[in-house]
Amino acid sequence: MELTKTAKLEALLFASGDPLSLEKAAAALYCSTDEVADLLEALQREYRKENRGIELRKVAGGWQLVTKKQAAGLVRRLHEKQEVKLSSAAMETLAIIAFRQPVTKSEMEAIRGVKVDGVLGTLVELGLVGEVGRKEVIGRPILYGTTEEFLQAFGFNSLEDLPRLPEEVLDGTAEGPEPLFKE
């Protein structure tokens, strides 16, 4: 069964994510921009008359499928339910970066006492941490710092909102917890 041009356009809008220009849509559908404009009008009428959770909106020089205002709370609840849980290793590494930034991978490993490659990759992938430059030493290692996403995820307005740690914790001279068994 062959899809109609309207159905094909709908698929393009759905898959695009970003606003889709008339020109790009026309090129993908092998038709004129006038025909795409007519198809968009038809789709927009269809979304308006039916009880749908999405609508077709002209945005930033293109067209985009967006959630209707009335469904915003529902979508927000879904997003909140899909929170990512960080492992204790990830939280430790994230804390080191937050309080010591900018910091290199080897500095993180020296503090934690273990490799941080996997955990650091996860934090970068989640957008909580990013590269902020290079350290001016031999080898010019990458410096890492927190991102705007980190501030949003943890509810901070700025890094100034982080709690203050005692200097001995920051400089690494704080004593660790008492051992469970004494010799």
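**Group meeting: helix H5, its neighbours and three backbone outliers**

Pro102 sits in the loop between H5 and E3. I start there because the peptide bond leading into this residue, from Gln101 to Pro102, is cis, with omega near -5°, and most peptide bonds are trans. Before going on: this is a predicted model, and every value I quote is computed from it.

On one side of that loop is E3, so let me take the sheet. Three strands form an open sheet in the order E3-E5-E4, and the pairing is antiparallel. Its edge strands are E3, residues 103-104, and E4, residues 129-134, each of which pairs on one side only.

Now the individual pairs. Between E3 and E5 there are two bridges, in the antiparallel sense. Val103 has Tyr144 of E5 as its bridge partner. On the E4 side, E5, which covers residues 142-146, makes an antiparallel pairing over five bridges. Here Glu131 stands opposite Tyr144, and Gly133 is bridged to Leu143 in E5. If you have the structure open, Tyr144 is a useful place to look, with Val103 as a bridge partner and Glu131 opposite.

How many residues of E5 are buried? Four of the five, and the strand is mostly covered.

H5 lies across E3, E4 and E5, and runs at about 95° to E5.

Next, the helices that H5 meets. What angle do H5 and H7 make where they cross? The axes of H5 and H7, the latter being residues 117-125, come within 9 Å and cross at roughly 75°. That angle falls in the range of 65 to 115 degrees, and H5 and H7 are therefore roughly perpendicular to each other. From H5, the residues in this contact are Ala89, Ala90, Thr93, Leu94 and Ile97; from H7 they are Val119, Leu120 and Leu123. By class, that is seven nonpolar residues, one polar and no charged ones.

The other crossing is with H6. H5 spans residues 88-100 and H6 spans 105-112; their axes come within 10 Å and cross at roughly 120°. That makes H5 oblique to H6. The crossing is right-handed. On the H5 side, Ala89, Glu92, Thr93, Ile96, Ile97 and Arg100 take part, meeting Met108, Ile111 and Arg112 of H6. The residues of this contact divide into five nonpolar, one polar and three charged. Ala89, Thr93 and Ile97 are named in the H6 contact, and these residues also appear in the H7 contact.

Last, two backbone angles. Most residues other than glycine have a negative phi. Where are the exceptions I want to show? One is Tyr30, in the loop between H2, residues 22-29, and H3, residues 33-49. Tyr30 has a positive phi of about 55° although it is not a glycine. Its relative accessible area is 78%, which puts Tyr30 in the exposed class.

The other is Arg140, found in the loop between E4 and E5. Phi of Arg140 is near 40°, again positive in a residue other than glycine. Arg140 is partly exposed, at a relative accessible area of 38%.

To recap the places to check on screen: the cis bond from Gln101 to Pro102, the positive phi at Tyr30 and the positive phi at Arg140. For the packing, look at H5 where it lies across E3, E4 and E5.

Terms used
Residues are numbered from 1 along each chain as its sequence is written. This is a predicted model: local features need pLDDT of at least 70, side-chain atom pairs count only at pLDDT 80 or more; totals for chains, interfaces and linings use all residues. Side-chain values use heavy atoms; hydrogens and water are left out. Axes are lines fitted to C-alpha atoms, for helices over the stretch in contact, and angles run from 0 to 180 degrees between N-to-C directions. Angles under 35 degrees count as roughly parallel, over 145 as roughly antiparallel, 65 to 115 as roughly perpendicular and the rest as oblique. A crossing is left-handed if the near helix is turned anticlockwise from the far one by less than a right angle, and right-handed if clockwise. Contact means heavy atoms within 4.5 Å. Ala, Val, Leu, Ile, Met, Phe, Trp, Tyr, Cys and Pro count as nonpolar, Asp, Glu, Lys and Arg as charged, and the others, Gly among them, as polar. Two strands pair if DSSP finds at least two bridges between them. Buried means under 20% relative accessible area, exposed over 50%, partly exposed in between (1.4 Å probe, protein chains only).
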